[in-house]
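The following note sets out some points for the assessment of this model. It takes up the domain division, the contacts and the confidence scores in turn.

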Amino acid sequence: MPQLLLELFSEEIPARMQQGAARDLERMAADRLKAAGLTYDALTTWAGPRRLTLMVDGLPAATPDREEELKGPRANAPEQALEGFLRKTGLTRDQLVERDGVLFAVISQKGQPTAGLIPDMVDQIVRAFPWPKSMRWGSGTLRWVRPLKRILALFDGQVVQFDIDGIKAEDVTEGHRFLGAGQPFTVRDFADYRHKLGREHVLLDVADRKLRILEAARAACHDHGLALVDDDGLLDEVAGLAEWPTPILGDMDPQFLDLPPEVVRLSMKVHQKYFAVRDPATQGLAPHFVVVANVEASDGGAALAAGNSRVLSARLNDARFFWDEDLKTGFDAWNDKLSGVTFHAKLGTLAERVDRIAALAREIAPLVGADPDQAETAARLAKADLASGMVGEFPELQGVMGGYYARAFGQPDAIADAVRDHYKPQGPADSVPTAPLTVAVSLADKLDTLVGFFAIDEKPTGSKDPFALRRAALGVIRLVLENNLRAPLKPVLKQEGAFLYDRLGFKLREDGFANETDLLRDDGQPQRRSSRRIETVALDLLAFFADRLKVLLRDQGKRHDLVDAVFALGDDDLVRIVRRVEALDAFLATDDGANLLAGYKRASNILRAEEKKGPLPEGMVRTGLPDQPEQETALAFAAAAAATAVDQALETEDFAAAMRALAALRAPVDAFFDKVLVNSDVPEERDNRLKLLGQVRAVMGRVADFGQISG
Amino acid sequence: MTTEPLAFQDLILTLHKYWGDQSCAILQPYDIEVGAGTLHPATVLRALGPRPWKAAYVQPSRRPGDGRYGENPNRLQHYYQYQVILKPNPDNLQQLYLGSLAAIGIDPKLHDIRFVEDDWENPTVGAWGLGWEVWCDGMEVTQFTYFQGVGGIEVDVVSGELTYGLERLAMYVQGVDNVYDLKFTKEGLTYREVFLENERQQSEANFHGYDVDGLKRRFEDMVAEVSRFLAMKGPQGQALVLPAYDQVLKASHLFNLMDARGAIAVAERQSYIGRIRDLCKACAVAYVEQERADA
């Protein structure tokens, strides 16, 4: 069966785009082959630094013959309709088929040679290719990720004749830029293509390139009693930077080993794309690196290794310069600088932010078992490294450098750790701090961000969350839950809101409202800062937390309507909320729970319907009335007992016990609905029964808002 | 390197010869302070419109904030870029470029030459392009860009732009770790003797010397001049784009000086850059109109 081989040969494709391009090519080719009615045995794509390749095996030489049936007019339709149909199909009346009084045209299409379909297919793929960024070049109009130089297109061993924007399809490609023979060469089919590429020092398959890198890099390290520091992200990248990747072990000047290892590793990785090397004996970094070159140098890589080593020294010298300068500068100077750095136009400078975080960290400290003075100190140091030279160079090292510098300037470990780790947790996979001081600063940091952006109405919308507020909220939730912090959130949020409004020049009125304030910008123009009620901000934020908590619990397999049911109680103690959700979840899974929920819905529907007619009757439920059904009396006693039991259970936060107390209602509720008519003709009876249902709803409502629960 | 490494000036002369042979006009540096060779009107303006253009030149680049008083072996507030612009870019631009490396003594079979993604962008002149940083043994020696837009306008014809960092390249070729140790002439005059004192004095002026109020005033003056020139007409009825663009360059340098003096608050930064970009865009629009009308 014929084979299709297509290679799109270009100038260097960004490493990060290559594997996505291979997937896009696979998808687009499969879609178009399918649309053309072509089947095949196998379709594979490859991407590398200079080429995208597609190979389809087992294609037919031609598309199958096809018969299409077109429905025409009814047999007794007017002449004109028939004529129109004949014109459209190009047939005569006697060629039509009649079935059930309707005429049909059967049109048979001869299969087309596959080779003839390929040009359009490739043209469409190239012109519609979804590169993240594409460009034009020269005087042409074609777009590709970088200039497209050649198209190799072979079908069944023959060149497919076409061109795209002047680039003619051929049976020719090129090998490695430097290691190849230097001449374009012809290929016959995929096997020949792959074989000749190999000979020309091109590894087509990224898996082969990665394997070659890992094996050679590990071997080079092993030969010197060293170990490679694995880095998958880096491996992916360097495998896209070389067609013939050749790892070479280079020497790093050992004087740089006294720099923090994070700095050395990041210098290597970010700037130079080198792998770091470990000394297996100490587990620390060894004074070496592995560079993945794109050549097998004729001198065995000596000049190349020496060159890379010099560049690394220059980089690390830069890093050392920052480190030394930073150690001469110190926290006071950095903090001074922060007053000149705007955090956000409406939220003041970083220095103002630090003030707020410090004040809040003080407030939070006692709640998490940290010393308020220490918490304030740590918070006041936490953002200083943003003004340091090293973090200016490597923003990824924020916090980490602050930790090093705090220690270097003699701060106790607990404070240095808090400075280092206060950005945590940075994502769902990141660990959550547990040291009390760190927790206090970390919470203060995130809460300031959240309150601030909510106060100026910069809430995340849809997929847009430019200030990473969802991550901040999730961070707060995880800090609270994983440290079992028992504190109501709302007062903390309002406290932070008060700091914010106060520091930013808003005057708080006693009722918690802030004034609209006109402030002057630097250029003297008035700038209106809209202020929002702190109360509203706090409530908005609580809803946002509820939302995030729902996402978190849903990821853990919990129902989100249960979170709604619990949040509706207005509780803002996250730990309690989660416990309540868990207890509720367990309860609803029981027979009692499910039935009681149904009973609740029934009661609440009745009450809602009655509420529409007028105010519900109020007052005590009465028992011992003449002719009162025993089910009514029983439910009245059960509701009263449940109220007491629920109260007791909630007092001690024993939610399982609260659920058990509710479970005791199930049988009386079921029996009541079974035997008693609520809407009795006797007004006194109806009133008493409505009061009773109201009481059941109220008791249950203390545990959760069952009305929010679906099912 | 097989032969004696090139002195700094011989590196420049070799590149001049090489690109001159590729029929580039060898221009001289622009006589206004700029932060990058791209800003020379021979690149940024000539990249606009349909007219072909080939030029190469050295451009002193001033980055006031990068001054280190002559104490850092790699950072300078004044250094040289070698700039090549070919419009439209020839098909074999990468080959031509590698030829220029060979001409200055870099053998791609001994050294690791890599084209690493780098999408170049200069927000102050609203210019962008796709291309690479070219690495030689892990060191970025050239910015290789296919211009896609200038002054916020998509280009008619794509120019290939090469920007060589001359000092870095020379350090690499000569195998020195400190820029001041570079041999400027083959007889042994050093970069130190030529430029160290300049770095010391200029660094002090950049960081502590310039009068900030004066800079701000002059910035506003330059800004006003741009619009005035664009509204004026030359002898053939054309807008005075070229003098207007000169004022943009001056404003841009004044901004860089204010920045080095620490006089630009973070919040103001975007607004300054935005103003310069708008001026540059106004020049670009006027220039393109003239070019398209002439073509």
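**Notes on chain B and its contacts**

1. In this predicted model, chain B is divided into two parts: domain 1 spans 8–204 and domain 2 spans 211–294. Taken over C-alpha atoms, the centres of domain 1 of chain B and domain 2 of chain B are separated by 24 Å.

2. The contact between these domains draws 23 residues from domain 1 of chain B and 23 residues from domain 2 of chain B. On the domain 1 side, the residues that touch domain 2 of chain B comprise 12 nonpolar, 7 polar and 4 charged residues.

3. Chain B also touches chain A, and that contact takes 30 residues from chain B and 36 residues from chain A. Which elements of chain B each supply at least two residues of the side that touches chain A? They are the strands β4 (113–117), β6 (127–136) and β7 (139–150), together with the helix α8 (266–294). Of the elements of chain B, β4(B) gives the most to this side, with 4 residues.

4. By class, the side of chain B that touches chain A holds 15 nonpolar, 7 polar and 8 charged residues.

5. As to confidence, the mean pLDDT of chain B is 93, and 98% of the residues of chain B reach 70 or more. For the complex, the predictor gives an ipTM of 0.93 and a pTM of 0.77. These scores should be quoted with any account of the contact between chain B and chain A, which takes 30 residues from chain B.

Key: Residues numbered from 1 in each chain as written. Chains lettered and ligands numbered in written order. Predicted model: local features only at pLDDT ≥ 70, side-chain atom pairs only at ≥ 80, totals over all residues. Contact = placed C-beta atoms within 7 Å. Nonpolar A, V, L, I, M, F, W, Y, C, P; charged D, E, K, R; others polar. pLDDT = per-residue confidence, 0-100. Domains from an automatic or database assignment.
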